[in-house]
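Subject: The structure for you to look through

Dear colleague,

I am handing over the structure we spoke about, with the sequence beside it, so please open both before you read on. Below the display you will find what turned up, told in an order that should be easy to follow on screen.

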Amino acid sequence: PKCPKVVASPSPSFLGTPCSEADLRQRFQLLGSLVGRGEALPLVEREPLLLAMEAPNLQASWEALLEVAGGDQAEALRVLQ
């Protein structure tokens with residue numbers, strides 16, 4: 001793992017954000033619902049800290065990217081890649 005101390009902790013968190021397996025799974029599912037399931041895994045493999053964001057912040061960030069991209073989901077996704 002990229003952050004082994006976080007994973008090994010009995011109460012995993014990163015900068016105060018809970019990072020239990022259930023938390024990470026929930027955020028991954030949210031990311032998949034936002035960008036598409038096929039796109040979520042490569043994004044997280046490249047930048048695992050995406051899953052350390054609280055769900056509302058993750059969603060707000062995606063919405064901001066969409067706004068900047070004029071609502072074009074493919075263009076917003078290119079920015080993330």
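The chain contains 5 helices and 2 strands, and if you read along the sequence you meet them in the pattern α-β-β-α-α-α-α. Please keep in mind throughout that this is a predicted model, and that every value below was computed from it. Along its principal axes the C-alpha trace spans about 45 × 20 × 15 Å, and of the 81 residues in the chain, 28% are buried. The surface that the chain exposes comes to about 5300 Å², with carbon and sulfur atoms supplying 57% of it. As for charge, there are 7 positive and 10 negative side chains, and the centres of these two sets lie 8 Å apart. Among the contacts that join residues at least 6 apart in sequence, 49% link residues that are at least 24 apart.

The interior is a good place to begin. In soluble globular proteins, nonpolar side chains tend to be buried together. Here the largest nonpolar core has 16 residues, and the members that touch the most others are Leu31, Leu34, Val35 and Trp62. Four helices, namely α2 (21–35), α3 (37–46), α4 (55–68) and α5 (73–80), each supply at least two residues of this core. If you select Leu34 and set aside the residues up to four places away in sequence, you will find that Leu34 touches Leu58, Gln59, Trp62 and Gln73.

Helix α2 deserves a slower look. It has 15 residues and reaches 21 Å from its first C-alpha to its last, which is close to the 21 Å expected at 1.5 Å a residue. Which residues of α2 are buried? They are Arg27, Leu30, Leu31, Gly32, Leu34 and Val35, and what covers them includes β2 (17–18), α3, α4 and α5. After α2 comes Gly36, whose phi is positive, near 105°.

A few single residues are also worth finding on screen. Thr17 lies in strand β2; is this residue buried or exposed? Thr17 counts as buried because its relative accessibility is 11%, which is under the cut-off of 20%. Leaving aside neighbours within four places in sequence, Thr17 is in contact with Pro12, Arg27, Ala52, Met53 and Glu54.

Arg25, which lies in helix α2, has a relative accessible area of 44% and is therefore partly exposed. Between the C-alpha atoms of Arg25 and Glu67 there are 26 Å in space, while the two residues are 42 apart in sequence.

Ala60, found in helix α4, counts as partly exposed because its relative accessibility is 42%. The C-alpha atoms of Ala60 and Glu47 are separated by 18 Å, and these residues are 13 apart along the chain.

Asp72 is found in the loop between α4 and α5, and with a relative accessible area of 35% this residue is likewise partly exposed. Asp72 and Arg46 are 26 residues apart in sequence, and their C-alpha atoms are 22 Å apart in space.

With best wishes,
A colleague

Key
Residues numbered from 1 in each chain as written. Predicted model: local features only at pLDDT ≥ 70, side-chain atom pairs only at ≥ 80, totals over all residues. Heavy atoms only, no water. Core = buried A, V, L, I, M, F, W, Y, C linked by side-chain atoms within 4.5 Å. Buried < 20%, exposed > 50% of the residue type's maximum accessible area, 1.4 Å probe, protein only. Contact = heavy atoms within 4.5 Å. Areas by Shrake-Rupley, 256 points an atom, 1.4 Å probe, with all protein chains shown as cover. Lys, Arg positive; Asp, Glu negative; His and termini not counted. Charge placed at Lys NZ, Arg CZ, Asp CG, Glu CD. Expected span 1.5 Å × (residues − 1).
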